[in-house]
Amino acid sequence: EKIIGGIKRDCYPVTPAQMVHMYTLQLSPSDEIVNIGTGQFFQFKMNIAALREALNRAIERCESMRLRLWKDPETGELWQYVMPYKNQYFEYYDFSAWNEDKAHEVMQKWTSQPFDTYRGELSRIVIVSMPDGYNGFYLNVHHVCMDSGSVITFVKDVMSIYCYLMYNMPYPSPMTSYLESVRKDMEYDGSKKQSRDMAYWHSKFAEPEPMYTDFTGFGRLQELRQKSGNPNQRWGLLPTPDAQGNTIVYELSKESTDKILEFAQAHELPVSVVILHAIRTVLSKFNHNEKDITIKNFVSRRSTVLNKKCGGVRMNCFPLRTIVEPTATVLESMQIIKKEQQDMFLHADYPTLRCYYEQRMHYGGAEGAVYESVAFTYQPASSKSFIPYLKDIGFKSRWYTSGRQPMPMYITAMHRPGDGGLNFYFGYQTASATPEEIEFLYYFTGRVLFRSIENPDKTVQEIIDMT
């Protein structure tokens, strides 16, 4: 217990997954870098009073949507606690007569407004009417409270409650306790699981030093070698002076998406592995056919019933290193990635910041040294898949950038609501890439992806030569 503002609060330490975002805050000149902004819009007339009630009930059921952070003024220690539920009156904005792009610009600006991390609410919800009969809500939330997976779960809960209130659909099953998941996380330090995870990651760092491969080609590493005077330097350093960033979205057609899903199913491969194969092959192609490629891979850590519905931020990320010979076939390459990813998932509770610090200490890289130029995550869920009543209703989901990016290049593959086609979100820092370089990367990733699916028995070198 801590006394905060004269009131006793049950406080818990900030988790390692949350500390990743607190570390990002320390490095950023402003706090909006940790905002997650999204709009969820359904093509039917909504009862605003019922939507307000559904939002309030969902917040009451989701502890992490009532989360607060507190920094002890004496020790500087960070603590978190959950505020008691209090009914809220959400603002309403009517953009129905607006140009849709202009409405999205407004919500983009809302997303660029930082929260006061230690002194107030860490989320904002606005009920919104959009053009063409779409209605729904905008959500902006601090990343220490939620990640993209828990945002999707929260949206599902809101709309399930709304359908109960309006159409007498079944009431959704309860959410699980965020604080219980935190207590479980606190048991990790000193556990056998921690020992096994540490042994695994230390065994990875005992391997020869990885090779940095840049998404723009070999030039960036070459420049770093010239500056350091070390022609054998293998780590990279990407510029992040102010974290100014942008997101470019590319839409893959439903037909092309289905080809990926069918291929993955036929060969018993995760969809993420098929996409990762394409990204790593492009990085190889851009870097003199380098066979040692590392990508920063995000892991949701939501395999248990408790973690699936507890909200909060659980996502960790780790270096996914694969060494694929040019003579390996496409399917052999994918099997190598699948095996490495499965091993990573088994040891994904190890703290991300500790993992990267120990890696840097082992190989002797400078402050900020990395071996990955690209981070990747795949979100298999779509908001359309979970509410039967809304199955045939038009649905638009939009993710907004805050104007700052925590990583030089972060690719998110996510299924669109509606037709289920894949959207690729390229979040990037403007100091690290230009829109033209992003388009170049996406173009070649797509070419490699579909050439690989069409020719799974060809070698990686043959795929590179074909693209």
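This passage walks through a predicted model, from its overall build to a few of its strands, helices and a single loop residue.

The protein holds 14 helices and 16 strands. Its radius of gyration is 23 Å, close to the 23 Å that the globule rule gives for 467 residues, so the protein is as compact as a globular protein of that length. Measured out along its principal axes, the C-alpha trace spans about 60 × 55 × 40 Å. Of the 467 residues, 58% are buried. Contacts also reach across the chain: among those with a separation of 6 or more, 75% are accounted for by residues 24 or more positions apart.

A good place to begin a closer look is an open sheet of five strands. Its order is β7-β8-β9-β4-β14, and the pairing is mixed. The edges are formed by β7 (91-94) and β14 (395-400), each of which pairs on one side only. On average, neighbouring strands of this sheet are turned by 20 degrees against each other, direction ignored. Within the sheet, β4 (residues 35-42) and β9 (residues 135-142) run antiparallel and are joined by eight bridges. One pair to look for here is Ile 36 with its bridge partner in β9, Val 141. As general background, strands of a sheet pair through backbone hydrogen bonds, either parallel or antiparallel.

Two helices lie across strands of this sheet. Helix α2 (residues 48-61) lies across β7, β8 (123-129) and β9, and runs at about 160 degrees to β8. Helix α3 (residues 100-111) lies across β4, β7, β8, β9 and β14, with an angle of about 45 degrees to β14.

Strand β13 (residues 375-379) offers a second set of pairings. This strand is mostly covered, with five of its five residues buried. Ala 375, Thr 377 and Gln 379 point one way, while Phe 376 and Tyr 378 point the other way, and all are buried. With β11, strand β13 pairs in the parallel sense over two bridges, and Asn 297 stands opposite Phe 376 of β13. The pairing of β13 with β15 (residues 409-415) is also in the parallel sense and has five bridges; there, Thr 377 has Thr 412 of β15 as its bridge partner.

The loop that comes before β11 deserves a stop of its own. Asn 287 is found in this loop, between α9 (271-286) and β11 (292-299). Its relative accessible area is 5%, so Asn 287 counts as buried, the cut-off being under 20%. The side chain of Asn 287 reaches back to the backbone oxygen of Leu 283, at 2.8 Å. Leaving aside residues up to four places away in sequence, Asn 287 touches Thr 213, Asp 214, Gly 217 and Phe 218.

The last element considered is helix α13 (residues 435-454). This helix has 20 residues and reaches 29 Å from its first C-alpha to its last, close to the 28 Å expected at 1.5 Å a residue. Its buried residues are Ile 438, Leu 441, Tyr 442, Phe 444, Thr 445, Val 448, Leu 449, Phe 450, Ser 452 and Ile 453. When reading such a list, it helps to recall that an α-helix has 3.6 residues a turn, so residues three or four places apart point the same way.

Key:
Residues numbered from 1 in each chain as written. Predicted model: local features only at pLDDT ≥ 70, side-chain atom pairs only at ≥ 80, totals over all residues. Heavy atoms only, no water. Helix = DSSP H or I, 4+ residues; strand = E, 2+ residues; numbered from the N terminus. Expected span 1.5 Å × (residues − 1). Buried < 20%, exposed > 50% of the residue type's maximum accessible area, 1.4 Å probe, protein only. Polar contact = N/O pair within 3.5 Å; in protein donor to acceptor, adjacent residues only side chain to side chain. Contact = heavy atoms within 4.5 Å. Pairing = 2+ DSSP bridges. Axes fitted to C-alpha atoms, helices over the stretch in contact; angles between N-to-C directions. Rg over C-alpha atoms; globule rule 2.2 N^0.38 Å.
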